[in-house]
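Reader: I would be grateful for a close look at a single part of this model, set out formally and followed outward into its surroundings. Please begin with how that part packs, and then relate it to the rest of the chain.

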Amino acid sequence: MKIVARTDIGKGRAENQDNYRAGRQSDDTVWAVVCDGMGGAAGGALASRLAVEQMEEVFCKGLRSDLSAEQVRSLMEQAAAQANDTVYRRAQDEWEVQGMGTTLVALVLKNGKAHLLHAGDSRAYLYHGGVLEQLTKDHSVVQHLVETGALTEREAAIHPKKNLITRALGVAPVLQCDYSIYSVSAGDILLLCSDGLTNSASEAELAAVLAGTDFFSAADEMIRLALSQDGQDNITALLVKAEQAED
């Protein structure tokens, strides 16, 4: 397994409120997390940092080689619940950061299966056979309008409320996440990213980067692409390639 990631403050922000963590276990299991903070200058960066740190702690302690698929899902849900509790309690205790929260997209890649857990509009994609497929569905006002037929996909892309999300970690005592699992083949690439990337670069453009760029340069190239086209928001791209890394 190979991992590469890059985050950038973007051209229109005073602070980078995105955070990520990733790791590879001794049995070649990979875990990864991307969070995009919200809640003002003080709160957003704190929320995303607390969330990724809590997720990292649970994964590093709990991801064992003998876990079944059901146990991996349970561990991911436990990690997200603990991260939610950490952020929510901090927001309740400190008035300066009340209302803070963060999106969450988390991956565990184990035994040829990609386990995904997410809340908000940070996304996961699978690059397979030259095609980039979105695996997660945004929890957002605009996505709901698309699903009900009130907006087309094209209209949604430029809608003024496209950044309003309907789920976030840390804003309520209980977090509702979506879980999904996908088969992954050798050579496939998983992309976790914040909306700063997908709002500035199309899926076709991101697929072209993956097709024409060395894996360990691809995250840098995605950031450059986003910055060249808009890049106002914080931008994070984290890539995992399903193959044995060289020691």
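Author: The part chosen is helix α6, whose crossing with α7 is right-handed. The model is a predicted one, and the description below should be read accordingly. The axes of α6 and α7 approach to within 9 Å, and the angle at which they cross is roughly 145°. On the α6 side, the residues that take part are Glu205, Leu206, Val209 and Leu210; their counterparts in α7 are Ala218, Glu221, Met222, Leu225 and Gln229. Sorted by class, this contact comprises 6 nonpolar, 1 polar and 2 charged residues.

Helix α6 itself spans residues 203-212, and its buried residues are Leu206, Ala207, Val209 and Leu210. These four lie on the same side of α6 because the arc they cover around the axis is only 155°. The other side of the helix carries exposed residues, namely Ala204, Ala211 and Gly212. Leu206, Val209 and Leu210 thus appear both among the buried residues of α6 and in its contact with α7.

Helix α7 (215-229) is one of several elements that cover the buried residues of α6. Others among them are the strands β7 (123-128), β8 (131-134), β10 (189-193) and β11 (235-241), together with helix α5 (195-198).

Two of these covering strands lead to a loop that merits a remark. Glycine 129 is located in the loop between β7 and β8. Glycine 129 is exposed, its relative accessible area being 72%. Its C-alpha atom is 10.0 Å from that of serine 185, although the two residues are 56 positions apart in sequence.

The covering strand β11 ends at residue 241, and lysine 241 forms a salt bridge with glutamate 243 at an N-to-O distance of 3.8 Å. Glutamate 243 is partly exposed, at 27% relative accessible area. Elsewhere, salt bridges with shared partners link Arg21, Arg49, Glu53 and Glu56 into one network. Over the whole structure, 18 salt bridges are found. Such pairing is possible when the charged atoms of oppositely charged side chains come close.

Two further salt bridges involve buried aspartates. Aspartate 8 pairs with arginine 6, with 3.4 Å between the closest N and O atoms. Aspartate 8 is buried at a relative accessible area of 16%, whereas arginine 6 is partly exposed at 27%. Aspartate 28 pairs with arginine 24, and here the N-to-O distance is 2.5 Å. Aspartate 28 likewise has a relative accessible area of 16% and is buried, while arginine 24, at 37%, is partly exposed.

The backbone at aspartate 28 also deserves attention. This residue sits in the loop between β2 (18-24) and β3 (30-38), and its phi is near 80°, a positive value in a residue that is not glycine. Most residues other than glycine have a negative phi. Asparagine 111 provides a second case of positive phi outside glycine, with a value of about 55°. It belongs to the loop between β5 and β6 (113-119). Asparagine 111 is exposed at 66% relative accessible area, whereas aspartate 28 is buried.

Strand β5 (residues 104-110) in turn contains alanine 106. With a relative accessibility of 0%, alanine 106 counts as buried. Leaving aside residues up to four places away in sequence, alanine 106 touches Ala32, Val33, Met55, Met76, His115, Leu116 and Leu117. The C-alpha atom of alanine 106 is 9.4 Å from that of valine 52, which is 54 residues away along the chain.

The setting for these details is a chain of 7 helices and 11 strands. Of its 247 residues, 51% count as buried. Among contacts between residues at least 6 apart in sequence, 71% join residues at least 24 apart. Within that setting, α6 presents one side with buried residues and another with exposed ones, and its partner α7 crosses it in a right-handed sense.

Notes. Residues numbered from 1 in each chain as written. Predicted model: local features only at pLDDT ≥ 70, side-chain atom pairs only at ≥ 80, totals over all residues. Heavy atoms only, no water. Buried < 20%, exposed > 50% of the residue type's maximum accessible area, 1.4 Å probe, protein only. Helix = DSSP H or I, 4+ residues; strand = E, 2+ residues; numbered from the N terminus. Arc of directions from axis to C-beta. Contact = heavy atoms within 4.5 Å. Salt bridge = Lys/Arg side-chain N within 4 Å of Asp/Glu carboxyl O. Axes fitted to C-alpha atoms, helices over the stretch in contact; angles between N-to-C directions. Left-handed = near helix turned anticlockwise from the far one by under 90°. Nonpolar A, V, L, I, M, F, W, Y, C, P; charged D, E, K, R; others polar.
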